[in-house]
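Biologist: I am new to this structure and would be grateful for a close look at a single part of it. Please set that part in the context of the whole before turning to the details.

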Amino acid sequence: MTQILPLQSAHLPVLINEAIEALAITSSGIYIDGTFGRGGHARAVLDLLSADGQLLGLDKDPEAIATGDALSEEDGRFSIAQCSFAEMSAEITARDWVGEVNGVLLDLGVSSPQLDVAERGFSFQKDGPLDMRMDRTSGISAAQWLATAEEDDIANIIKTLGEERYGKRIARAIVEQRETAPLTTTRELAILVDKASPSREKYKHPATRTFQAIRIHINNELEDIKQGLVQALDMLAVGGRLVVISFHSLEDRIVKRFFRDEALGDDLPSHFPIRANELNPRVRLVGKAIKASDAELEMNPRARSAVLRVVEKLA
Ligand SMILES: C[S@@+](CC[C@H](N)C(=O)[O-])C[C@H]1O[C@@H](n2cnc3c(N)ncnc32)[C@H](O)[C@@H]1O
């Protein structure tokens with residue numbers, strides 16, 4: 001019998017013109033798209049590569065990999081690997097590209113198809129199994145974590161990764177609920193958070209922050225970003241560009257600090273007798289943070305919180 005799959009929503013790539021310009025593409029260069037998704041940015045990179053150029057896509061999500069596999073069959077300049085971008089150095093080393101990569105793009109977070117398919121369990125707006133893993137074949141689901149984690153850990157994650165002031169109350173409600181029956185669906189969690197939240201923010205569902213926190217935790221997102229940035233910089237050629245699009249303040253803070261520290265260079269005491277240009281900065285900041293234009297926001301509200309930052313490797 002033919003299996004009917006849920007209709008996949010498209011993913012509109014965010015800040016695509018800005019990201020491509022920021023990569024300053026050399027047509028015969030080597031590029032890494034660390035967050036392939038549905039390949040919107042990747043196809044725009046391929047459009048600018050000559051027959052000698054190469055693009056490697058990475059993604060944790062098997063559904064993104066399926067799209068990437070199809071693209072690699074169509075286009076010999078493209079290859080894809082299923083892994084975290086925090087492990088990009090292994091893939092790049094295997095291809096003998098260390099220090100030769102001309103650009104790395106990271107378009108962080110989740111894609112529209114991940115959010116829109118109820119079965120993935122990412123969205124409080126759709127009822128599905130409480131999963132939230134980008135790769136459902138590894139790690140534990142949100143439901144498993146909420147069924148076993150300590151109350152204090154749940155509170156701490158919701159507070160820090162969701163910037164949710166009612167983290168403690170929500171964690172208490174989760175633990176009380178699981179004493180009767182564990183939470184298994186996104187709707188159950190959304191209703192529980194709604195009931196446990198004593199006040200409302202305008203235009204924001206009360207479960208928004210809790211879902212964000214659990215998703216970030218389950219997918220180890222912030223640690224991956226820290227490691228991914230370090231590896232990307234190590235892999236780049238001198239003059240290569242690292243372009244990162246963030247979607248919330250926790251991500252952007254990590255990117256901004258990493259870029260600033262690498263642009264400042266060696267962390268020596270301020271009284272040390274050395275000039276700023278002797279501190280061995282590893283990168284130069286390219287322009288300021290870029291946000292989506294009004295025209296893009298009209299077409300794609302998801303771009304509202306996007307911030308793009310760019311550095312160029314100096315040494
Ligand atoms: C915002 S979407 C990227 C969309 C893509 N630029 C496009 O145009 O279709 C983010 C993608 O990155 C993947 N992802 C998120 N964190 C990742 C990580 N640490 N390593 C690899 N892939 C990751 C997600 O599975 C998702 O497919």
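Modeller: The protein has 13 helices and eight strands, where helices (H or I, at least four residues) and strands (E, at least two) are DSSP runs, numbered from the N terminus. Its radius of gyration is 21 Å, close to the 20 Å given by the globule rule for 315 residues, so the protein is as compact as a globular protein of that length. This radius is taken over C-alpha atoms, and the rule is 2.2 Å times the number of residues to the power 0.38. This is a predicted model, in which local features need pLDDT of at least 70 and side-chain atom pairs count only at pLDDT 80 or more, while totals for chains, interfaces and linings use all residues. Residues are numbered from 1 along each chain as its sequence is written.

The protein is divided into domain 1 (16–113 + 221–313) and domain 2 (135–218), with bounds that come from an automatic or database domain assignment. The C-alpha centres of the two domains lie 31 Å apart. Six residues of domain 1 are in contact with four residues of domain 2; contact requires C-beta atoms, placed from the backbone, within 7 Å. On the domain 1 side, the touching residues comprise three nonpolar, no polar and three charged. In this scheme Ala, Val, Leu, Ile, Met, Phe, Trp, Tyr, Cys and Pro count as nonpolar, Asp, Glu, Lys and Arg as charged, and the others, Gly among them, as polar.

The part chosen for the close look is helix α10. This helix spans residues 208–218, and 10 of its 11 residues are buried, so α10 is largely enclosed by the rest of the structure. A residue is buried if 20 or more other C-beta atoms lie within 10 Å of its own, exposed if 12 or fewer, and partly exposed in between. Over the whole protein, 43% of the 315 residues count as buried. The buried residues of α10 include Arg-209, Phe-211, Ile-214 and His-217. Among the elements that cover them are α6 (142–148), α7 (151–162), α8 (167–180), α9 (186–196) and α11.

After α10 comes Asn-220, whose phi is positive, near 55°. Helix α11 (residues 221–235) contains Asp-224. Asp-224 counts as buried because it has 20 C-beta neighbours inside 10 Å. Leaving aside neighbours within four places in sequence, Asp-224 is in contact with Ser-84, Phe-85 and Ala-86. Ala-86 is 138 residues away from Asp-224 along the chain, yet their C-alpha atoms are separated by 5.0 Å.

Asp-224 also leads to the ligand. Among the 23 residues that surround the ligand, the closest are Pro-13, Thr-35, Gly-37, Gly-40 and Asp-224; a residue is near a molecule if its C-beta atom, placed from the backbone, lies within 6 Å of it. Helix α2 (40–48) and strand β2 (54–59) each supply at least two residues of this shell. By class, the shell has seven nonpolar, 10 polar and six charged residues.

The wider interior completes the picture. The largest nonpolar core has 50 residues, and Leu-15, Val-104, Ile-245 and Ala-306 are among those with the most contacts inside it. Such a core is a set of buried Ala, Val, Leu, Ile, Met, Phe, Trp, Tyr and Cys residues joined through C-beta atoms within 7 Å. Strand β5 (residues 236–246) gives the most to this core, with five residues. A second, separate core of 26 residues includes Leu-130, Ile-154, Leu-189 and Ala-190.

Methods: Contact = placed C-beta atoms within 7 Å.
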